[in-house]
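User: I would like a close look at one part of this model, set against the chain as a whole. Please keep it plain and give the cut-offs as you go.

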Amino acid sequence: TFHFVEIFFLTSIRMEKYLNMGNLLKVLTCTDLEQGPNFFLDFENAQPTEAEKEVWDQVNVVLKDARGILDDLQSYKGAGEAIREAIQHPNDENLQEKAWGAVVPLVGKLKKFYEFSLRLEAALHGLLGALTSTRYTPTQHLEREQALAKQFAEILHFTLRFDELKMTNPAIQNDFSYYRRTLNRMRINNVPAEGENEVNNELANRMSLFYAEATPMLKTLSDATTKFVSENKNLPIENTTDCLSTMASVCKVMLETPEYRSRFASEETASFCLRVMVGVIILYDYVHPVGAFAKGSKIDMRGCIKVLRDQPRNSVEGLLNALRYTTKHLNDESTSKNIKAMLQ
């Protein structure tokens with residue numbers, strides 16, 4: 001009897017120790033299959049290994065300019081007042097020239113944003129090539145190539161931030177529409193247009209399609225990911241979708257596990273993590289044949305939405321809106337009523 005009691009007592013101590021460690025042991029050993037693959041992804045300090053260096057360097061050249069692009073977009077004021085004056089007084093040449101003079105440099109900025117989207121697309125292509133190759137599983141890729149995973153996360157973070165700023169700035173489309181209308185009128189009247197060299201007609205058409213999107217950078221990324229999958233026929237689509245679902249799972253667990261979250265040196269990292277989680281969900285939803293919300297999805301949508309809803313409301317409303325309005329399959333019949341209700 002004593003022996004049995006001793007074993008029970010020792011087992012109880014071990015169990016208590018296990019429970020006191022919270023989720024950490026479970027997270028590190030992946031004992032809970034529902035959780036999926038979980039490990040700490042160091043978004044703050046990951047440095048490239050020798051094997052990652054070549055791709056990392058190429059992507060880094062692009063990411064170095066991302067901050068400046070966001071700053072330029074955030075400070076974009078538009079030429080609304082000058083345009084209104086010019087439209088109200090169509091025969092006043094001074095006002096026409098003033099509006100044109102105000103719009104041309106702004107269109108130069110819009111051109112720079114658009115061209116950056118093309119560079120971002122190329123960078124994403126390189127990253128996906130590295131992170132989905134068949135030499136490792138998606139989990140091993142993200143675990144071993146943390147610097148590349150961090151860059152992928154930075155691209156997603158930039159994308160959602162860019163689109164949030166663009167959506168709240170109607171001046172962008174107004175300025176560009178005015179520029180195109182004025183340029184066409186000048187052509188008809190054979191007036192030499194300073195600024196036409198800046199954006200020719202073909203480029204203006206492409207830019208027009210880009211800015212017509214509610215979330216142009218996200219569209220660029222989802223199209224680029226879909227294109228990557230279709231161009232790499234020898235690579236199973238699961239390599240790409242599993243990379244995305246693994247990233248979503250890792251972000252979710254890092255956010256909901258106190259032991260992990262306490263390792264963030266900055267509170268900014270938590271909001272970075274949330275944005276990345278939403279970004280990969282949206283990409284997965286576009287690339288996966290049945291999307292992120294279907295029963296067979298490898299993303300725990302309930303868990304991810306719960307993590308979002310557990311944050312201060314004003315800090316995540318934009319991300320909840322991104323799931324509501326920029327995903328492809330949320331309103332499919334296969335999406336459970338429960339998940340739709342969580343996003344209402």
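How much area does the chain expose, and what share of it do carbon and sulfur atoms supply? Then please take helix H9 (residues 171–188) as the part to examine: which of its residues are buried, and what covers them? Add the salt bridges and the surroundings of Arg275 and His329 if they help to place the helix.

Analyst: The chain exposes about 17,800 Å², and carbon and sulfur atoms supply 54% of that area. Accessible areas come from the Shrake-Rupley method with a 1.4 Å probe, and for residues only the protein chains shown count as cover.

This is a predicted model, in which local features need pLDDT of at least 70 and side-chain atom pairs count only at pLDDT 80 or more, while totals for chains, interfaces and linings use all residues. Residues are numbered from 1 along each chain as its sequence is written, and side-chain values use heavy atoms, with hydrogens and water left out.

The mean pLDDT (the predictor's confidence in each residue, from 0 to 100) is 82 for the chain, with 87% of the residues scoring at least 70. Among the elements, H4 has the highest mean, 95, and helix H2 (residues 24–29) the lowest, 36. Over residues 1–35 the pLDDT is below 50, and this stretch has 24 contacts in the model beyond near neighbours in sequence. Where pLDDT is low, the predicted coordinates should not be read in detail.

The chain has 17 helices and 0 strands; helices (H or I, at least four residues) and strands (E, at least two) are DSSP runs, numbered from the N terminus. Of its 344 residues, 48% count as buried, where buried means under 20% relative accessible area, exposed over 50%, and partly exposed in between (1.4 Å probe, protein chains only). A contact means heavy atoms within 4.5 Å. Among contacts between residues at least 6 apart in sequence, 76% join residues at least 24 apart.

Now to H9 itself. Its 18 residues should span 26 Å at 1.5 Å a residue, and the end C-alpha atoms are 26 Å apart, which agrees; the expected span is 1.5 Å times one less than the number of residues. The buried residues of H9 are Ala171, Ile172, Asp175, Phe176, Tyr178, Tyr179, Thr182, Leu183 and Met186. Seen down the axis, these buried residues fall within an arc of 160 degrees, so they line one face of H9. That arc is taken from the directions from the helix axis to the C-beta atoms. As background, an α-helix has 3.6 residues a turn, so residues three or four places apart point the same way. The cover over the buried residues of H9 includes H4, helix H5 (80–88), H6, helix H8 (146–167) and helix H10 (201–212). After H9 comes Asn190, with a positive phi near 55 degrees.

Two of the covering helices are also joined by a charged pair. Lys112 forms a salt bridge with Asp72, with the closest N and O atoms 2.6 Å apart. Lys112 lies in helix H6 (residues 93–131) and Asp72 in helix H4 (residues 66–74), so the pair ties together parts that are 40 residues apart in sequence. Lys112 is partly exposed, at 39% relative accessible area. A salt bridge here is a side-chain nitrogen of Lys or Arg within 4 Å of a carboxyl oxygen of Asp or Glu, and the structure holds 17 of them.

Another pair stays inside one helix: Asp223 and Lys219 both lie in helix H11 (residues 216–231), 4 residues apart, about one turn. Their closest N and O atoms are 2.7 Å apart. Asp223 is partly exposed at 39%, and Lys219 is partly exposed at 30%. Elsewhere, salt bridges that share partners join Arg161, Glu164 and Arg275 into one network.

Arg275 sits in helix H14 (residues 268–287) and is buried, with a relative accessible area of 15%. Leaving out residues up to four places away in sequence, Arg275 touches His157, Leu160, Arg161, Glu164 and Leu319. Its C-alpha atom lies 8.7 Å from that of Ala153, which is 122 residues away along the chain.

His329 is in the loop between helix H16 (313–325) and helix H17 (337–342). It is buried, at 11%. With residues up to four places away in sequence again left out, His329 touches Asp285, His288, Pro289, Val290, Gly291, Phe293 and Thr335.
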